[in-house]
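Biologist: I would be grateful for a close look at a single part of this protein, together with an account of how that part relates to its surroundings. Please set out the reasoning as you proceed.

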Amino acid sequence: MERYMCIHGHFYQPPRENPWLEAIEIQDSAFPYHDWNERVNAECYAPNSASRILDGERHITDIISNYTRISFNFGPTLLSWMETYSPDIYQAILDADRQSMEGRSGHGNAIAQIYNHIIMPLANTRDKRTQIIWGIKDFEYRFKRFPEGMWLSETAVDIETLEILAEQGLKFTILAQHQASRVRKIDSKEWEDLNNGHIDPTMAYLCRLPSGRTMDIFFYDNQISHAVAFENILNSGEDFANRLVSGFSGKRRWPQILTIATDGESYGHHHKFGDMALAFILNHIEHNKLAKLTNYGEYLEKHPPTHEVEIRENTSWSCMHGIERWRSDCGCKSGGLPEWRQEWRISLREAMDWLRDQLVSAYENKANEYFENPWDARDAYIEVVLNRSRENIDGFIARHATGNLNKDERVIVLKLLEMQRHAMLMYTSCGWFFSEISGIETVQIMEYAGRAVQLFKDVFNYGLEIGFQKILAKAKSNVVEHSNGAHIYEKFVKPATIDLKKVGVHFAVSSLFETYADSANIYCYGVTIEDYQKIEAGKTRLAVGRILVTSEITGKTECMIFSGLYLGNHDFNGGVRIFPGNEEYQSMKSAMIEVFEKGAFVDIVRMMDKYFGMHNYSLRDLFKDEQRKILNQVISSTIREFEDTYRRMYENNRVLMGFFQKTGIPIPKAFYMVADFILNDDLRKAFEDGADAEKIRTIMKDMKKWQVTVESLELEFKVRLKAEEIMERLNKNISDISLLLKTQKVLELLQSLPIEINYWRLQNIYFKIAKTRYKEFLEKGRTGDNDAARWVEAFQHLGQRLFFNVSAVLNE
């Protein structure tokens, strides 16, 4: 009988965007990357789009996309980030799905996912439906086709969820073996109870639903999937392949499909080089004809279910107690101390449910004033989330509003819909998954709740925070200083809240160092400069102006006046208020400039109190990335002073310390510290300044002499970017032999460093040139073109430097 194999990767990251900025701010824990999405992308999503096949000597023989040969889903919120911040990998994923359709009987490898990873059995019916519709619409927007299947968050399932999946036209989903309750052959009367065992995972099953609809279900092999995720079998491609093949049995008399499902991050992020283990087994399976690689849609077309199944409701793949991990102290947790408890989950869900219900009734009553059907409008709002252009918003409102809406009414309906969007985002499952309520994932969903609360107050002019925090106070933290959920909300969420005034503050303070265009974007806000003047006296700076600040999300606009004052170091002052009229503004502007030009800077601060109130703003109120950027500018001169001092100390004492070394006298630790700082700094700068080989060798020689360790993490990141920049130039000027030779020399330098370099992007560029342009130069070289012959020789040598099996890759 035929054997099929389908490996499924669930690729997902918790939403990390600041709810008020719609962007991820810098996360120092992800260093040297900007944030964790960027880091996981580099470690997993990118490598799987171009994974290496190695020979016995660990040289590259081919580069393939794993996405073309596995089944996969990507979280919509992750793809939204990737579309903006990693467009090449985003496109590679979409291309892989289209390519897979050619080899899988018209069935693409990609399937959809519940929109923002909520636990479906714990959601109300409306949220379930919207989450599924949004997941489908997001998929269609990106993959340009209707999805055949949908991944359920944490595979958490109940009958109502399956009903809505079927109602919306989806054909199948994927569950764990233990989520099946009983099974029988189609049209048989006898059920086999599965209380004492797991369902056979090597076929598709039909699930009949109370409505008369049906849903096909695949059950992944629990044991093999667990081994991939937790037992390190990805350390060996051969072990991985053998374990997969062991899932087949000669006793079965049907076309078996061996299917496994894990977090996609197993293939590279959780397990280094996991993508290469995956690439190896996919090649191994195909080359040795151990099974036919397929996806779920293709298998269903060829082999429809012969058995039907009933599921165990309220179960999931990551909680042995069903779905209790997301609503109670069941014992399932991740991270933290062993004695930590999770009773906080109960009150957190109670608080979120209370807030959701308040928002539901308010939304329905208010939205009825503007929409023919408020809930149909919410279901369709994903169209706006995916494309916030003015034309698209106009079209959405025209389709759903009962009449023409004025500007203020448009703002109200967009706030109502955003309130509902955040009311769903606050249920993202990660908020309950871990051990402690003060963890970043839980604070993140509290921020979504905080944004929903803010939008509610904007529309209805009264608040819900007191009632919400009253329930949160019952959620006790394991960390004494965090006390409870209400304290955490006060400590982390309320200070993070942003309104148009805070955007104005950001502009006022940052404009002292940053030059803005007349119309500029600050995250999801537009700023139009109507009047602006900046004057300087030494290090001291004053900015005064009038701006329009507009939310690109809700369309709300406010005209503001501002003043920003920089007195040196980190001493910033800023004031912002609603535009009081041109006469008062011009009077304020003239008075402040006059006082500044007299050098009475202290009086400026008093004037800011007079015109803007006693609450002045400072560098602390800037958004994180800009705050970091300005601080780096502010301390740059101080850093240079440090560098000059250390360099004098190093140069003035280097010869003496050499004498100490030769005579066996212990060298003072202070000198080692200075040498460490200077030599690592010199090495970084040498690569930044053009990678002079002799200079770098001299520095490395001194590092060895003084036993200085290379700061590998930061240096690797910087020198790799430099090498990639040169390689990109070669890609654009392929025939430039001098550039090819320079690239070769830079690689020689990199490989002389005592650090591990990530050659992934360099190898990709080389591979592309090898497959698209190499033969052209080879043929010219064979017909007597000496320059082409030199190019071929240098290109082959470059391939060896990049660890290619040159003969295999160049087909020689």
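Modeller: Two strands are said to pair if DSSP finds at least two bridges between them. The model is a predicted one. With that rule in hand, the open sheet can be described, and the account then turns to the strand near the N terminus and its surroundings.

The open sheet consists of 5 strands in the order S15-S16-S17-S18-S19, and the pairing is antiparallel. Strand S15 (519-522) and strand S19 (572-578) stand at the edges; each has a single partner strand, so one side of each is left without a neighbour in the sheet. On average, and with direction ignored, neighbouring strands of this sheet are turned by 30° against each other. Within the sheet, strand S17 (residues 540-551) and strand S18 (residues 557-566) pair in the antiparallel sense over 10 bridges. One residue pair can be named here: Arg-541 has Tyr-566 in S18 as its bridge partner. As a general point, the side chains of a regular strand alternate between the two faces of the sheet.

The part that merits the close look is strand S1, which comprises residues 3-11. Of its 9 residues, 8 are buried, and S1 is therefore described as mostly covered, buried meaning under 20% relative accessible area. Its pairing with strand S12 (residues 256-263) is parallel and extends over 8 bridges. In that pairing, Gly-9 has Thr-262 of S12 as its bridge partner. S1 also runs parallel to strand S4 (residues 71-74), to which 4 bridges join it. There, His-10 stands opposite Asn-73 of S4. A further 2 bridges join S1 to strand S13 (residues 292-293), again in the parallel sense. The bridge partner of Met-5 in S13 is Leu-293.

Helix H8 (residues 274-287) is connected with this region through packing. Its buried residues pack against S1, helix H1 (36-49), strand S2 (51-54), strand S3 (60-64), H7 and S13. The buried residues in H8 are Gly-274, Asp-275, Met-276, Ala-277, Leu-278, Ala-279, Ile-281, Leu-282 and Ile-285. The length of H8 can be checked as well: at 1.5 Å a residue, its 14 residues should span 20 Å, and because the end C-alpha atoms are 20 Å apart, the two values agree. The expected span is obtained by multiplying 1.5 Å by one less than the number of residues. After H8 comes Lys-289, whose phi is positive, near 50°.

Helix H7 (residues 237-245), one of the elements against which H8 packs, includes Gly-237. The relative accessible area of Gly-237 is 16%, so this residue is buried. Beyond residues up to four places away in sequence, Gly-237 touches Phe-280 and Ile-281; Ile-281 is among the buried residues of H8. The C-alpha atoms of Gly-237 and Ser-86 are 28 Å apart, with their positions 151 residues apart along the chain.

Strand S3, another element against which H8 packs, leads to the loop between S3 and S4, where Ser-65 lies. Ser-65 has a relative accessible area of 16% and is therefore buried. Apart from residues up to four places away in sequence, Ser-65 touches Asn-48, Ser-49, Ala-50 and Ala-96. Tyr-67 and Phe-72 form an aromatic pair that is edge-to-face, with 5.4 Å centre to centre and 65° between the planes. Both Tyr-67 and Phe-72 are buried.

Ser-100 belongs to helix H3 (residues 87-103). Its relative accessibility is 2%, so Ser-100 counts as buried. With neighbours within four places in sequence left aside, Ser-100 is in contact with Thr-68, His-107, Gly-108 and Asn-109.

Some aromatic features elsewhere in the chain complete the account. Tyr-766, Phe-767, Tyr-774, Phe-777, Trp-791, Phe-795 and Phe-804 form one aromatic cluster. Arg-349 lies over the face of Trp-432, at 4.1 Å from the ring centre, and Lys-144 lies over the face of Tyr-141, at 5.3 Å from the ring centre.

Technical notes. Residues are numbered from 1 along each chain as its sequence is written. This is a predicted model: local features need pLDDT of at least 70, side-chain atom pairs count only at pLDDT 80 or more; totals for chains, interfaces and linings use all residues. Side-chain values use heavy atoms; hydrogens and water are left out. Buried means under 20% relative accessible area, exposed over 50%, partly exposed in between (1.4 Å probe, protein chains only). Contact means heavy atoms within 4.5 Å. Axes are lines fitted to C-alpha atoms, for helices over the stretch in contact, and angles run from 0 to 180 degrees between N-to-C directions. Rings of Phe, Tyr and Trp (its six-membered ring) pair if their centres lie within 6.5 Å; planes under 30 degrees apart count as stacked, over 60 as edge-to-face and the rest as tilted. A charge sits over a ring if NZ of Lys or CZ of Arg is within 6 Å of the ring centre and within 35 degrees of the ring normal.
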